[in-house]
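Visitor: I should like to learn how the features of a protein model are read. May we work through one case together?

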Amino acid sequence: VLRSTKAMIDRNMRIRLPKDHLDVFRMTDANNASPSQSVVQSCKFHPNAPVLLTAGLDKTLRLFHVDGKVNPKIQSVFLKDFPIHCADFNATGRQVILSSVKKFFYVYDVEAGQAERIDGIRGRDEDKFEKFIVSPCGKFIAFMGRDGYIILISAQSKQWIANLRMNGTCTAFDFTKDGRFLYSIGGDGEIYQWDLATRQCVHRFFDEGAVNVHNLAVSPDNSYIATGSNAGIVNVYSTSTALSTSNPTPSRSLMNLTTGISNLSFHPSSQALLLSSRLKKDSLKIAHCPTLNVFANWPTPSTPLGYVQSTAWSPGGGYLAIGNDKGTVLLYRATAFGAC
């Protein structure tokens with residue numbers, strides 16, 4: 001289960017995605033062997049093995065071997081008094097980080113099957129450690145703090161490294177794939193580019209027409225930066241344009257959703273961008289990045305997505321997992337990509 005799929009993924013990234021048709025079909029639900037008892041707050045794929053995690057307010061982390069047919073459960077762990085709001089693998093896939101509206105978080109050792117409680121971060125008196133992201137390079141974990149603080153800790157030791165501070169509040173952030181930069185956005189709609197070697201802000205620019213932006217994503221190839229607002233608008237910027245001025249114009253504004261954006265997720269090949277909202281049923285779209293046109297053929301009006309809470313692309317981009325309010329993680333196969 002844990003063998004590397006890197007060779008298949010590298011070949012898969014060279015496949016060109018058609019611009020006008022997305023060929024997708026449904027497979028057995030990813031968590032069919034053990035559905036969640038609450039909304040699926042997080043679903044994430046292992047970075048180099050066919051394994052998916054699910055976690056949510058039922059306080060249970062579950063791991064599944066994704067084969068598209070049976071998807072058997074590998075293991076699960078119940079964390080008492082810890083409704084899980086965010087969960088993700090570290091860069092090696094050997095650990096899972098779990099957070100909640102608590103002053104502590106957990107690190108689960110996948111191989112040992114043990115959960116370690118981490119009681120806060122030195123130097124930060126935070127009310128909760130609810131939202132975090134893991135750097136793909138394997139060096140950092142960033143927690144969203146209060147008063148505009150972004151707290152960087154070591155992914156290995158879980159010890160404090162540095163604080164990055166924005167003006168006002170921080171509402172969303174994302175690492176570049178190489179771990180050189182972190183982008184963040186606040187309530188005033190200003191986007192910061194942080195150099196993680198120097199811990200300094202090296203560029204700032206405003207998101208055009210920003211209205212309560214709570215999502216930000218950077219494409220794996222660093223070509224695009226996307227923001228999602230509470231008005232349902234997604235602005236997509238060319239990185240080269242965004243980093244050359246303080247008031248860039250979006251390459252396109254996607255207005256296909258009518259309620260607040262809850263999730264933005266680029267395909268591993270950077271050829272597609274998924275946008276979704278948890279506030280309206282079946283509210284999910286996928287855009288073709290080179291043309292920035294939204295695929296019209298999928299999802300269809302009859303696609304049973306429910307209220308989309310979380311989404312994840314598999315490392316090779318062949319699978320798309322969608323966690324909803326009913327505790328189900330729908331699994332779809334994108335046939336344009338060979339590797340899963």
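Guide: The dialogue below goes from the whole chain to two single residues.

Visitor: What kind of model is this, and what pLDDT does the protein average?

Guide: This is a predicted model, so confidence is read before geometry, pLDDT being the predictor's confidence in each residue. Here the protein averages a pLDDT of 93, and 95% of the residues score at least 70. Residues 4–12 have a pLDDT below 50; in the model this stretch makes 11 contacts beyond near neighbours in sequence.

Visitor: How many helices and strands does the protein have?

Guide: There are 2 helices and 28 strands.

Visitor: Which radius of gyration would a compact globule with 340 residues have, and which does the protein have?

Guide: The general idea is to set the value for the chain beside the one expected from its number of residues. A compact globule with 340 residues would have a radius of gyration near 20 Å; the protein has 19 Å, so the two agree. The C-alpha trace spans about 50 × 50 × 40 Å along its principal axes.

Visitor: What share of the residues is buried, and what surface does the protein expose?

Guide: Buried residues account for 56% of the 340. The protein exposes about 14400 Å², of which carbon and sulfur atoms supply 48%. As for charge, the mean positions of the 36 positive and 27 negative charges lie 3 Å apart.

Visitor: What share of the contacts between residues at least 6 apart joins residues at least 24 apart in sequence?

Guide: That share is 48%.

Visitor: Turning to single residues, where is the place of Lys-103, and why is Lys-103 classed as partly exposed?

Guide: Lys-103 is in the loop between strand S7 (95–99) and strand S8 (105–109). A residue is partly exposed when its relative accessible area falls between the 20% and 50% cut-offs. Lys-103 has a relative accessible area of 48% and is therefore partly exposed. Beyond four places in sequence, Lys-103 touches Asp-119, Gly-120, Asp-125, Glu-126, Asp-127, Lys-128 and Phe-129. Its C-alpha atom is separated by 9.0 Å from that of Ile-121, 18 residues apart along the chain.

Visitor: Where is Ser-76, and which residues is Ser-76 in contact with beyond four places in sequence?

Guide: Ser-76 is in strand S5 (residues 73–78), and its contacts beyond that range are Thr-60, Leu-61 and Arg-62. With a relative accessible area of 38%, Ser-76 is partly exposed. Ser-76 and Leu-53 are 23 residues apart in sequence, and their C-alpha atoms are 9.3 Å apart in space.

Key. Residues numbered from 1 in each chain as written. Predicted model: local features only at pLDDT ≥ 70, side-chain atom pairs only at ≥ 80, totals over all residues. Heavy atoms only, no water. Rg over C-alpha atoms; globule rule 2.2 N^0.38 Å. Buried < 20%, exposed > 50% of the residue type's maximum accessible area, 1.4 Å probe, protein only. Contact = heavy atoms within 4.5 Å. Areas by Shrake-Rupley, 256 points an atom, 1.4 Å probe, with all protein chains shown as cover. Lys, Arg positive; Asp, Glu negative; His and termini not counted. Charge placed at Lys NZ, Arg CZ, Asp CG, Glu CD. pLDDT = per-residue confidence, 0-100.
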